[in-house]
Amino acid sequence: MDSPPSHTLPNLTSLAPVVLGIDFGGTKIATAVCDLSGRRLATHVIDAEPERGARSAFNRGVRAARELLAEAVNGRPLGGVGVSTFGIPSEDGVALAPAIDGWKDIAMGRELREAFAGTPVTMATDVKAAALAEARWGALAGADPGVYLNLGTGLAAAIVIGGVVLAGANGAAGEIGYNLRQLADVGDAGYLMLEEAVSGRAVARLGGRPAAEAFAAGADPRLAAIADQFIAELAFHVVNLAICIDPVRIAVGGGMTRSWDRIRPRLDAALEAAAPYRPELVLAGFPLDAPLVGALALAVDAIAASKTDDGVTHNPHSREGLSL
């Protein structure tokens, strides 16, 4: 018997699963859909509007993700959801999450599983998700150990050993935003933690305008002094981090890397002068959206070991077709 005409056969490619990534940031919420080879199909970014509170930000992020799915999937099933967020997410809350008032009270895991019922949901701290993306596809590929340093609304780092992001006993490894700043902080429960002085949020508060303006305002001595103090204190802690971890490479990402040309020379000089073994210092491979790329990687990992509708087991470490 002759084979049926090709136009009567089902389009198996259109039935292959897609994955959804959501990155909840302190100032923006990014969503993206990609296929299992890593090809991004659609992306959408909205303002977090932190002044409206945690509940509003979370609901708007979920709604934006659903709308993106409706526009982009074209009938393909949703195979997994990966979520990155500032703070440490769990089923019933988000720890260490000061960027939006009330974020700690969002039952992140439970609410996401309700919002995307029947789909595996995997969550991670944004900086650890970013480190996963950089270790797999970006500037930390092959670096063992490696450090991802995030300079954004907040301040944090993540450590990669053997291609695996170190979580820590409580999921808080690398949370250098809580570092002490001076000897007087020892034993002081009310000390001013590092993130309150060295972060995009801190610079904006001190300068009375967005952090990027402080770094670009060479003609304004007051703003220039704020930027210089930021870099000097950051360099102190980056050197200590390098001494502690002895990394091959430090990759720096986050919104403040828009001022990388000003920040990098001081960090380079500090590492050269004080680190016994100087690591390579580079801009992240995904400097502005590594947490979102990491969220997509989490979603791919959740289903990568299973056979998909096209009968192929996908390798999440493959670079083939990657266009994230």
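This report walks through the sheets, helices, salt bridges and largest pocket of a predicted model.

## The sheet built around S1

Let's start with the sheet that holds strand S1. It is an open sheet of five strands, in the order S3-S2-S1-S4-S7, and its pairing is mixed. Strand S3 (40–47) and strand S7 (121–125) sit at the edges, each pairing on one side only. From one strand to the next, the twist averages 15°.

At the S3 end of the order, strand S2 (residues 28–35) runs antiparallel to S3, and seven bridges join the two. If you would like a pair to look for on screen, try Lys28, which stands opposite Asp47 in S3.

## Helices H3 and H4

Two helices that lie across this sheet can be viewed together. Helix H3 (residues 108–115) lies across strand S1 (18–24), strand S4 (78–85) and S7, and runs at about 145° to S7. Helix H4 (residues 126–137) also lies across S1, S4 and S7, with an angle of about 100° to S7.

## The sheet built around S8

Now for the sheet that holds strand S8. Here five strands form an open sheet with mixed pairing, ordered S10-S9-S8-S11-S12. The edges are strand S10 (164–165) and strand S12 (280–283), each of which pairs on one side only.

Two helices can be placed against these strands. Helix H7 (residues 221–245) packs on the sheet and touches S8, S9 and strand S11 (249–253), while its direction makes about 160° with that of S8. Helix H8 (residues 260–274) lies across S8, S11 and S12, running at about 170° to S12.

## A closer look at S9

Strand S9 deserves a visit of its own. Strand S8 (residues 146–151) and strand S9 (residues 155–161) run antiparallel and are joined by six bridges. The two strands form a hairpin, with three residues between them. Along this pairing, Val147 stands opposite Ile159 in S9, and Asn150 has Ala156 in S9 as its bridge partner.

S9 also pairs with S10: the two run antiparallel, and two bridges join them. Here Ile161 stands opposite Val164 in S10. The hairpin of S9 and S10 has two residues between the strands, and in it Gly162 takes a positive phi near 60°.

How many of the seven residues of S9 are buried? Six of them are, so S9 is largely enclosed by the rest of the structure.

## Salt bridges

The structure holds 20 salt bridges. One of them joins the side chains of Asp92 and Arg110, at 2.3 Å from N to O. Asp92 lies in the loop between strand S5 (88–89) and strand S6 (94–95), whereas Arg110 belongs to helix H3, so the pair ties together parts that are 18 residues apart in sequence. Buried or exposed: which word fits Asp92? Asp92 is exposed, with a relative accessible area of 55%. Its partner Arg110 is partly exposed, with a relative accessible area of 40%.

Another salt bridge brings the side chains of Arg205 and Glu196 together, at 3.6 Å from N to O. Arg205 counts as partly exposed at 47% relative accessibility, and Glu196 is partly exposed as well, with a relative accessible area of 22%. The two residues belong to a network of salt bridges that links Glu195, Glu196, Arg201 and Arg205. Arg209 forms a salt bridge with Glu213, with 3.9 Å between the closest N and O atoms. Both are partly exposed: Arg209 has a relative accessibility of 34%, and Glu213 has one of 38%.

## The largest pocket

Let's finish with the open space. The largest pocket has a volume of about 920 Å³. Which residues of its lining are the closest to its centre? Of the 43 residues that line the pocket, they are Thr27, Gly152, Thr153, Gly154 and Gly255.

Several elements give two or more residues to this lining: H4, S8, S9, helix H5 (200–207), helix H6 (211–216) and helix H9 (290–304). Two of these have already appeared above as partners in a hairpin, namely S8 and S9, and H4 was introduced as a helix lying across S1, S4 and S7.

Technical notes
Residues are numbered from 1 along each chain as its sequence is written. This is a predicted model: local features need pLDDT of at least 70, side-chain atom pairs count only at pLDDT 80 or more; totals for chains, interfaces and linings use all residues. Side-chain values use heavy atoms; hydrogens and water are left out. Two strands pair if DSSP finds at least two bridges between them. Helices (H or I, at least four residues) and strands (E, at least two) are DSSP runs, numbered from the N terminus. Axes are lines fitted to C-alpha atoms, for helices over the stretch in contact, and angles run from 0 to 180 degrees between N-to-C directions. Contact means heavy atoms within 4.5 Å. A salt bridge is a side-chain nitrogen of Lys or Arg within 4 Å of a carboxyl oxygen of Asp or Glu. Buried means under 20% relative accessible area, exposed over 50%, partly exposed in between (1.4 Å probe, protein chains only). On a 1 Å grid over the protein atoms alone, a cavity is a set of points where a 1.4 Å probe fits but cannot get out, and a pocket is an open set with protein on both sides within 12 Å along at least five of seven lines; lining residues have an atom within 4 Å of a point. Grid points are joined across faces, edges and corners, and a volume is the space filled by probe spheres set on the points.
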